[in-house]
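Hi everyone, thanks for coming. I'd like to walk you through a few residues, so please have a look at the screen.

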Amino acid sequence: MLTALRDRGRSHQSSTAEDGTGSAAAGGRGTDPRRYFAYDVTRDGGVVAIRASRPDDTGRLCEHFRSLSPTSAYFRFFSPKRRVSARELAGLTDIDFVRNVTLVATVRITGAERIVGLAQYVVDDDRRQHAQLACSVVDEYQRRGIGTLLIEHVLGIARARGVVEFAADVLGDNHTMLRLLTKSGLATHRSTQAGVVHLTFSDVETDRFLAAA
Ligand SMILES: CC(C)(COP(=O)(O)OP(=O)(O)OC[C@H]1O[C@@H](n2cnc3c(N)ncnc32)[C@H](O)[C@@H]1OP(=O)(O)O)[C@@H](O)C(=O)NCCC(=O)NCCS
């Protein structure tokens, strides 16, 4: 399934995405990622909404990070914290959707919307085709494919906006994230420093690799 990640990110074949204009290919050229909205199906048959983060998500995002287990929080922040600062929250909600794009995966529980996952990319200041990726899924919703879906959707938006090289810093014992990215069908490079694996992957290189396979 994950070998298709590279292509699904480009076409969203199994999801229904809208950008407010009714386009099925949200994040495509000319569409506005800040209005991104899609439904997708999890591995256990559940449905999640995947949408752009909004300024009014602050409370839901605080709850999301509070819900992470100590281990998940450590994997996400490289420290045991589960509370994010006002500045970090602003970096997830008050964003330009050009350099910085954040998507959240939400479910409705007795009418209230809950953020069960989020994925973000931030484009490098000096290399506009290169972005840093991060994501988190609350523990009780992990292993249902939500992390994979979020990465697919966020990569789809990034690619439509000309970003072709990605990087992620992952702790060496974070086997889930390492597995998610290395099983993605993307040609990944890794280097390790002080227990942190720096993973990079590029569409150009993956295309070359697939053509030669
Ligand atoms: C990494 C994370 C986002 C993955 O989210 P998820 O929704 O559980 O991921 P998925 O369900 O899509 O699973 C992705 C892959 O990891 C595998 N996996 C899931 N949990 C695993 C575990 N505990 N050990 C090993 N592999 C695991 C899945 O089987 C899947 O691989 P597969 O398709 O070959 O079966 C989530 O575990 C998380 O939030 N962790 C804490 C924060 C973090 O580590 N963020 C990444 C650093 S920025």
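Before the first stop, a word on terms: helices here are DSSP runs of H or I with at least four residues, numbered from the N terminus. With that in hand, Arg179 belongs to helix α6, which covers residues 175-182. And please keep in mind that this is a predicted model.

Is Arg179 buried or exposed? Its relative accessible area is 53%, and exposed means over 50%, so Arg179 counts as exposed. Arg179 also has company: together with Arg43, Arg143 and Lys183, Arg179 forms a positive surface patch.

Next, let's turn to Phe78. You'll find Phe78 in the loop that runs between α3 (70-77) and α4 (86-93). Phe78 has a relative accessibility of 32%, and partly exposed is the class between 20% and 50%, so that is where Phe78 falls. What does Phe78 touch, once neighbours within four places in sequence are set aside? The contacts are Ala73, Asp169, Val170, Leu171 and Val196. Take Val170: in sequence, 92 residues separate Val170 from Phe78, yet from C-alpha to C-alpha the two are 8.7 Å apart in space.

My last stop is His130, in strand β6, residues 130-137. His130 has a relative accessible area of 8%; buried means under 20%, so His130 is buried. Which residues does His130 touch, not counting those up to four places away in sequence? On one stretch of the sequence there are Val122, Val123 and Asp124, and on another Val163, Glu165, Phe166 and Ala167.

That's my tour, thanks for listening!

Terms used
Residues are numbered from 1 along each chain as its sequence is written. This is a predicted model: local features need pLDDT of at least 70, side-chain atom pairs count only at pLDDT 80 or more; totals for chains, interfaces and linings use all residues. Side-chain values use heavy atoms; hydrogens and water are left out. Patches are made of residues with over 30% relative accessible area and no salt bridge: like charges are joined within 9 Å, nonpolar side chains (Val, Leu, Ile, Met, Phe, Trp, Tyr) within 5 Å. Accessible areas come from the Shrake-Rupley method with a 1.4 Å probe; for residues, only the protein chains shown count as cover. A salt bridge is a side-chain nitrogen of Lys or Arg within 4 Å of a carboxyl oxygen of Asp or Glu. Lys and Arg count as positive and Asp and Glu as negative; His and the chain ends are not counted. The place of a charge is taken as NZ of Lys, CZ of Arg, CG of Asp or CD of Glu. Helices (H or I, at least four residues) and strands (E, at least two) are DSSP runs, numbered from the N terminus. Buried means under 20% relative accessible area, exposed over 50%, partly exposed in between (1.4 Å probe, protein chains only). Contact means heavy atoms within 4.5 Å.
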